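Visitor: I've got a structure to look at and plenty of questions. Could you walk me through it?

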Amino acid sequence: MNIPVATVGAATAGVLDGLERLQGPVTVVRRCTELAELVAVSQSGIVRAAVVAGNAGELTAALAQRLGAAGVALVALTDDPVLRRRLDTIRILNAPAGVDPGTLAGLISTAVQVLGQAGDASASTGSNALADPAAAFGTGTGGPGPGPAVSGTGEPDVRTGTVTAVWGPAGAPGRTTLAVNLAAEAAAAGKRVLLIDADTYGASVAVSLGLLDESAGLAQACRLADQGLLDDAALQRIASVVSLRGHRLAVLTGITRSDRWVELRPAALSGVLEVARRTADVTIVDCGFSLETDEELSFDTIAPRRNAATLLVLEAADTVYAVGAADSVGVPRLVRALSDLAAAVPGVEPRIVLNKVRAASVGRQPESQLRGAWERFGPGREISAFLPADYDSADASLLSGTALLETAPASALRGAIAELAGVQVPRRRRGARGWGAK
């Protein structure tokens with residue numbers, strides 16, 4: 001198997017001369033002067049691997065993902081131990097700059113093989129990270145989105161916490177309300193909770209909790225993760241902290257403008273979720289609504305997808321809540337969106353939540369009416385929760401910039417969300433005026 005290679009960095013000259021003298025399967029076909037040229041060569045399809053030296057400090061997870069999408073494996077050469085640890089963190093295969101040519105040839109072959117295996121896996125599920133115009137016309141390679149998942153001496157990823165995604169179709173069904181209050185209930189129950197706003201269309205977690213959102217905490221975390229610099233301490237430093245009944249809720253606020261969606265690159269966001277699993281018992285992610293993957297027609301080159309952040313979170317989540325409004329518009333919209341979800345993220349098994357349940361929109365005994373309609377027209381999955389329409393409590397919570405458990409602890413809406421979160425709250429006895437009355 002012949003492996004054509006492109007290189008960048010003067011430091012590769014000696015070892016590459018040794019590669020060529022080996023006369024093996026690895027052949028240097030292009031020597032680039034800068035990373036931009038290397039990316040262009042990689043996207044031309046003439047190389048299958050790239051070796052970077054001297055410029056290794058400029059490598060990021062997003063760049064590795066971009067090369068991986070073009071079917072090009074990446075190997076970095078550097079003697080800096082700190083830089084090598086950072087490259088390990090973002091899963092870029094690396095070796096010392098003075099590596100033996102035979103050893104380097106073996107590393108390149110391994111990287112290409114691993115990337116090919118990742119490509120075979122992604123071909124069955126589709127790559128959601130980058131938009132490729134060729135794929136829109138059936139001529140794309142179907143290459144993998146992320147770079148090869150190879151690591152040098154990096155520590156294994158120990159996942160302890162869970163990730164929960166809150167998603168729903170367009171039309172403000174209550175995604176943010178549910179995400180904020182699920183996180184609040186878990187935090188008040190004594191768990192370490194991280195709330196992430198990953199909505200690339202209308203981030204609103206910061207407003208809901210009365211936080212200043214100029215900093216865009218998630219964008220900061222993604223920038224560090226992209227460079228392999230995000231660790232537990234850095235994530236805790238970036239996150240805003242909200243106090244709820246004496247308990248701490250960590251929050252990564254969303255982007256401040258919708259045109260900043262390019263900052264939430266999937267490779268970086270994946271790194272944020274990995275660190276979140278280590279630092280929090282529960283991570284709640286408020287997702288955007290759109291699942292479309294047809295941006296190929298909008299670009300004439302490989303480009304990031306706007307909806308890749310949502311798709312990545314849905315793929316990575318342990319639990320997915322699909323929220324829909326309980327009315328004649330919201331229910332059909334949720335049914336259609338669930339079909340799109342099954343196509344975009346095969347294998348996902350969302351828990352259905354109908355929000356804003358009220359007799360005025362569906363008739364008497366609304367839960368029974370909705371359940372009957374869902375059994376006839378729904379996708380065959382049971383409804384996990386009915387959240388009552390309680391606009392007064394929701395408005396009071398939004399006005400005060402906090403969760404329902406503080407502004408309306410006795411509300412039926414708070415009780416339903418707490419039950420969904422698996423948190424025990426005192427039940428209201430008949431004739432009592434508040435929760436926990438004796």
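Guide: Sure! Keep in mind that this is a predicted model. Let's begin with some charged side chains: Arg223, Arg260 and Glu263 are linked in a network of salt bridges.

Visitor: How far apart are the closest N and O atoms of Arg223 and Glu263?

Guide: In general, side chains of opposite charge can pair when their charged atoms come close. For a salt bridge, the cut-off is a side-chain nitrogen of Lys or Arg within 4 Å of a carboxyl oxygen of Asp or Glu. Arg223 and Glu263 form such a bridge, and their closest N and O atoms are 3.1 Å apart.

Visitor: And how many residues apart in sequence are the parts that this pair ties together?

Guide: Look at where each partner sits: Arg223 is in helix H9 (residues 217-226), while Glu263 is in the loop between E10 and H11. The pair therefore ties together parts whose separation in sequence is 40 residues.

Visitor: Another salt bridge joins Arg91 and Glu274. Is Glu274 buried or exposed?

Guide: The closest N and O atoms of this pair are 3.0 Å apart. Arg91 lies in the loop between helix H4 (81-89) and E5, and Glu274 in helix H11, so the bridge ties together parts 183 residues apart in sequence. Arg91 has a relative accessible area of 31%, which makes it partly exposed. Buried means under 20%, and because Glu274 has a relative accessible area of 13%, the word for Glu274 is buried.

Visitor: Which other residue of helix H11 could we look at, and what is its relative accessible area?

Guide: Try Thr279, which is found in helix H11 (residues 266-279). Leaving aside neighbours within four places in sequence, Thr279 is in contact with Arg192, Asp232, Leu235 and Gln236. Thr279 is buried, with a relative accessible area of 14%.

Visitor: On to the strands. In what order do the five strands of the open sheet come?

Guide: Start at the edges, where each strand pairs on one side only: these are strand E2 (26-32) and strand E5 (93-95). Inside the sheet, four bridges join strand E1 (residues 3-8) to E3, and five bridges join E3 to strand E4 (residues 73-77). The pairing is parallel, and the order is E2-E1-E3-E4-E5.

Visitor: Which residue is the bridge partner of Val52 in E4?

Guide: Val52 has a partner in E1 too, as Val8 is bridged to Val52 of E3. Turning to E4, the bridge partner of Val52 is Ala76.

Visitor: How does the chain cross from E3 to E4, and with which hand?

Guide: The path from E3 leads through helix H3 (residues 61-69) before arriving at E4. That makes a β-α-β crossover, and its hand is right-handed.

Visitor: How many residues of strand E3 are buried?

Guide: In a regular strand the side chains alternate between the two faces of the sheet. Ala49, Val51 and Ala53 are buried on one side of E3, and Ala50 and Val52 are buried on the other. Strand E3 (residues 49-53) is largely enclosed by the rest of the structure, because its buried residues number five of the five.

Visitor: Which residue takes a positive phi in the hairpin of E9 and E10?

Guide: Strand E9 (residues 240-244) and E10 pair in the antiparallel sense over five bridges, and Ser243 stands opposite Arg248 in E10. Two residues lie between the strands of this hairpin. The one with a positive phi, near 55 degrees, is Arg245.

Visitor: How many residues of helix H12 are buried?

Guide: The buried ones are Ala308, Ala309, Thr310, Leu311, Leu312, Val313 and Leu314. Their cover includes strand E7 (162-167), E8, H11, strand E11 (282-287), strand E13 (319-325) and helix H13 (330-344). Helix H12 (residues 308-316) is largely enclosed by the rest of the structure, because its count of buried residues is seven of the nine.

Visitor: Last one: how many residues are in the largest nonpolar core?

Guide: Trp167, Ile196, Leu218, Leu230, Leu252 and Val272 touch the most other members of this core. Ile196, for instance, has contacts that include Leu218, Leu252 and Val272. The number of residues in the largest nonpolar core is 53.

Notes:
Residues numbered from 1 in each chain as written. Predicted model: local features only at pLDDT ≥ 70, side-chain atom pairs only at ≥ 80, totals over all residues. Heavy atoms only, no water. Buried < 20%, exposed > 50% of the residue type's maximum accessible area, 1.4 Å probe, protein only. Contact = heavy atoms within 4.5 Å. Core = buried A, V, L, I, M, F, W, Y, C linked by side-chain atoms within 4.5 Å. Pairing = 2+ DSSP bridges. Right-handed = clockwise from strand over helix to strand, strands pointing away.
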